[in-house]
Each structure stands twice: as C-alpha cells, then as structure tokens.
Amino acid sequence: MTDRLVRPTAWVGAPWMRGGRDPVRGLDCWGLVLLCLPGVPDYAGDATARAELARATVEGWADPRWRPLAAPRDLCLVMLDRTHAGVWWRGHAVHATETDGVRADPARDLARLGFPSPTFLEWVP
C-alpha cells in the first residue's frame, strides 16, 4: 500500500495546528492522514475540495479514488464525522484534535466521544 510504513501511533502527542503538516510544529487531522497515507491529495488550501471530500465520504458520493470499506483495516482513512478524519490502526482511530493534538482512541470509545458512525475508506489512486 505504501513504500514507507510509519505507524500512525508514532505521531501520538504531536501538537495540533490548523493546516499543520509537520509533526514537530503541529498537525491537523488531514496533516496526520498525509503523513500516514502517502499519495493522498492535500485538501488544506481548498475549502471546496474539503467539502467535497466530506460529502464523498459521509454521503456516499463516489470519488472513484476512495473505496468504501465494510470494515476497518489498518492504515485506512477513518472519517469520524463530516469534517474530521483520522487513520485506523489496530482498533484505534488515530486523529488530531485542537484540544489534545494527535491521539489514539479505541473503537469502543468513539460513540462516547461523539463519533457514533465512522466511515472507513481506502485510497486507490
């Protein structure tokens, strides 16, 4: 899937920064996705593209490069809600939040944290 495997949990504890693409200075949720899933497009500078991504993943609008998964698997994209993404790793959603930076939440806690229906996708360029 990728030429360099970096466990998403390696970035746990990195600070949050809006538009962040550097684990030392800070990451936002998509910056984390970019570190873990090479080749995925960076939607940061384009609000329209981000809205389309959210619609594509949550409402089922088909961008053929994103393939829905019936069940999560390691290193897939997890859309936690319409605007918040992360990477799935060993039963955890690894994602970046404004309050905590990069964190890893087990599947059993997602509903309690406000993410009752995550969507799982794989990138197929």
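1. A salt bridge is a side-chain nitrogen of Lys or Arg within 4 Å of a carboxyl oxygen of Asp or Glu. In this predicted model, Arg-21 and Asp-28 meet that condition, with their closest N and O atoms 2.5 Å apart. Asp-28 is buried, at a relative accessible area of 13%, whereas Arg-21 is partly exposed, at 25%.

2. The structure holds 7 salt bridges. Side chains of opposite charge can pair when their charged atoms come close. One of these bridges links Arg-112 to Asp-109, with 3.5 Å from N to O. Arg-112 counts as exposed because its relative accessibility is 62%, and Asp-109 counts as buried because its value is 18%. Through shared partners, salt bridges also join Arg-21, Asp-28 and Asp-42 into one network.

3. The next point concerns the sheet. Six strands might be listed in many ways; what is their order here? The open sheet of 6 strands runs S3-S8-S4-S5-S6-S7, and its pairing is antiparallel. Strand S3 (66-68) and strand S7 (101-106) stand at the edges; each has a single partner strand, so one side of each has no neighbour in the sheet. From one strand to the next, the twist averages 35°.

4. Strand S6 (residues 92-97) and S7 run antiparallel and are joined by 6 bridges. Within this pairing, His-95 stands opposite Arg-103 in S7. Helix H1 packs on the sheet and touches S3, strand S4 (77-81), strand S5 (84-89), S6 and S7. The direction of H1 makes about 35° with that of S5.

5. Arg-103 also takes part in a salt bridge with Asp-105, where the closest N and O atoms are 2.8 Å apart. Is each partner buried, or partly exposed? Asp-105 is buried, with a relative accessible area of 7%, while Arg-103 is partly exposed, with 23%.

6. Cys-36 belongs to helix H1 (residues 29-36). With a relative accessible area of 3%, Cys-36 is buried, because buried means under 20%. Apart from residues up to four places away in sequence, Cys-36 touches Pro-8, Trp-11, Leu-75 and Val-87. Pro-8 is 28 residues from Cys-36 in sequence, yet their C-alpha atoms are 6.1 Å apart in space.

7. Aromatic rings deserve a separate point. There are 3 aromatic pairs. In the pair formed by Trp-88 and Phe-120, the ring centres are 5.2 Å apart and the planes stand at 80°, so the arrangement is edge-to-face. Trp-88 lies in strand S5 and Phe-120 in strand S8, so this pair ties together parts that are 32 residues apart in sequence. Both residues are buried: Trp-88 has a relative accessible area of 7%, and Phe-120 has 12%. In addition, Trp-30, Trp-66 and Trp-123 form one aromatic cluster.

8. Glu-122 is placed in strand S8 (residues 119-123). Which residue does the side chain of Glu-122 meet in a polar contact? The partner is the side chain of Arg-73, at 2.6 Å. Glu-122 counts as buried because its relative accessibility is 12%. When its neighbours within four places in sequence are set aside, Glu-122 is in contact with Arg-65, Trp-66, Arg-67, Leu-69 and Arg-73.

Conventions. Residues numbered from 1 in each chain as written. Predicted model: local features only at pLDDT ≥ 70, side-chain atom pairs only at ≥ 80, totals over all residues. Heavy atoms only, no water. Helix = DSSP H or I, 4+ residues; strand = E, 2+ residues; numbered from the N terminus. Buried < 20%, exposed > 50% of the residue type's maximum accessible area, 1.4 Å probe, protein only. Polar contact = N/O pair within 3.5 Å; in protein donor to acceptor, adjacent residues only side chain to side chain. Contact = heavy atoms within 4.5 Å. Pairing = 2+ DSSP bridges. Axes fitted to C-alpha atoms, helices over the stretch in contact; angles between N-to-C directions. Phe/Tyr/Trp six-rings, centres within 6.5 Å; stacked < 30°, edge-to-face > 60°.
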